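Here are a few exercises to work through with the model open beside you. Try each task before you read its solution.

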Amino acid sequence: MAKDQTILFHSTIFGPIHSRRLGVSLGVNLSPADGKICSFDCIYCEAGYNSQGPGKAGLPSREEVKRLLEEKLREMSEAGDPLDVITFSGNGEPTLHPQFAGVIEDTLELRDRYYPKAQVSVLTNSTRIFDPAVAEALKQVDNNILKLDSAIEPTMRAIDVPNSPEFTTDRLIESLRQFEGTGIIQTMLLRGEHNGKKIDNTTPEEIEALIAAYRRIRPREVMLYSLDRSTPEERLQRVPKEELEVIAARVREAGIPVAAF
């Protein structure tokens with residue numbers, strides 16, 4: 001059962017907010033301020049489904065992002081406000097922006113000028129890591145946080161609903177290996193029902209497949225988390241923190257650094 005859930009952010013720069021994973025975070029939304037553009041249509045996306053449309057505002061230009069980010073960083077710096085991280089997330093997939101690499105270059109420059117101790121993070125669904133320019137830009141940031149919700153193809157398609165039929169778990173896992181030792185893998189664990197079908201990526205089979213994928217990818221860290229906000233599909237269930245910790249222990253036993261949120 002779906003509900004009418006729409007975009008979260010109505011500006012290019014938002015926050016700062018307190019992130020349970022990253023600390024005091026200033027957000028950058030490279031999607032339209034009045035719509036959603038994403039290469040996934042995740043059943044758990046807090047920004048709602050893609051069917052709400054891309055809006056009319058369009059993507060912010062590289063120059064606009066730089067101007068707005070500098071204005072906010074200068075204001076925060078002059079006020080003595082703390083900042084742990086600048087985070088690219090927002091209403092859709094940030095790496096879809098045609099000037100993503102240039103935006104990252106500008107952001108690193110501004111970070112060094114105003115908050116040199118702050119980190120730059122990108123939350124990406126991993127659909128654009130096959131583009132060399134995008135991959136190289138992701139390698140420049142402090143926290144390159146890449147999505148892998150399931151290593152089993154039908155489960156990945158049921159949860160993430162990728163737009164492209166060419167996007168497969170095998171191709172994804174192989175490409176994620178390019179970030180060995182630096183990439184952070186983010187896995188959303190959940191269970192429930194969608195379109196009359198059972199959804200559960202916490203089964204023994206699913207966890208074993210994920211662990212095998214993590215071993216191939218060799219990330220800097222794995223982040224396991226579950227639902228924390230409202231989702232467009234109402235029949236999804238949060239995995240309790242205690243259970244996340246049990247799963248994290250299994251991943252840790254495989255020699256992979258992991259944190260549960």
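**Exercise 1.** Find out whether Ser126 is buried or exposed, and do likewise for Asn195.

*Solution.* Start with Ser126 in this predicted model. Its relative accessible area is 0%, and buried means under 20%, so Ser126 is buried. Next, place Ser126 in the fold: the loop between E4 and helix H3 (132–140) holds this residue. Now look at the backbone, where phi of Ser126 is positive, near 75 degrees, though the residue is not glycine. As a rule, most residues other than glycine have a negative phi.

Turn to Asn195, in the loop between strand E7 (190–194) and strand E8 (197–200). Its phi is positive too, near 50 degrees. With a relative accessible area of 65%, however, Asn195 is exposed, the cut-off being over 50%.

**Exercise 2.** Work out which face of helix H7 is buried and what packs against it.

*Solution.* First, check the length. H7 covers residues 241–253, and its 13 residues reach 18 Å from first C-alpha to last, close to the 18 Å expected at 1.5 Å a residue. Second, list the buried residues: Leu244, Ile247, Ala248 and Val251. Third, look down the axis of H7: these buried residues fall within an arc of 105 degrees, so they line one face of the helix. The spacing fits a general rule: an α-helix has 3.6 residues a turn, so residues three or four places apart point the same way. Fourth, find the partners. The buried residues of H7 pack against helix H6 (204–217), strand E9 (221–225) and strand E11 (258–260). On the other side of H7, Glu242, Val246 and Glu253 are exposed. Finally, step past the helix to Gly255, which follows H7 and has a positive phi near 85 degrees.

**Exercise 3.** Describe the surroundings of Leu22.

*Solution.* Begin with its place, the loop between E1 and E2. Leu22 is buried, at 18% relative accessible area. Leaving out residues up to four places away in sequence, Leu22 touches Asp84, Val85, Thr87, Ser121 and Ile145. Leu22 and Ser121 are 99 residues apart along the chain, yet their C-alpha atoms are separated by 8.6 Å.

**Exercise 4.** Which strand gives the most to the lining of the largest pocket?

*Solution.* Take the volume to begin with: about 840 Å³. Of the 40 lining residues, Arg21, Glu46, Ser89, Leu123 and Tyr225 are the closest to the pocket's centre. By type, the lining divides into 16 nonpolar, 15 polar and nine charged residues. E1 gives the most, with four residues. Pro16 is in E1, and a cis peptide bond with omega of about 10 degrees joins Gly15 to Pro16.

Conventions:
Residues numbered from 1 in each chain as written. Predicted model: local features only at pLDDT ≥ 70, side-chain atom pairs only at ≥ 80, totals over all residues. Heavy atoms only, no water. 1 Å grid on protein atoms, 1.4 Å probe; cavity = no way out; pocket = protein on both sides within 12 Å on 5 of 7 lines; lining within 4 Å. Points joined across faces, edges and corners; volume = space filled by probe spheres on them. Helix = DSSP H or I, 4+ residues; strand = E, 2+ residues; numbered from the N terminus. Nonpolar A, V, L, I, M, F, W, Y, C, P; charged D, E, K, R; others polar. Expected span 1.5 Å × (residues − 1). Buried < 20%, exposed > 50% of the residue type's maximum accessible area, 1.4 Å probe, protein only. Arc of directions from axis to C-beta. Contact = heavy atoms within 4.5 Å.
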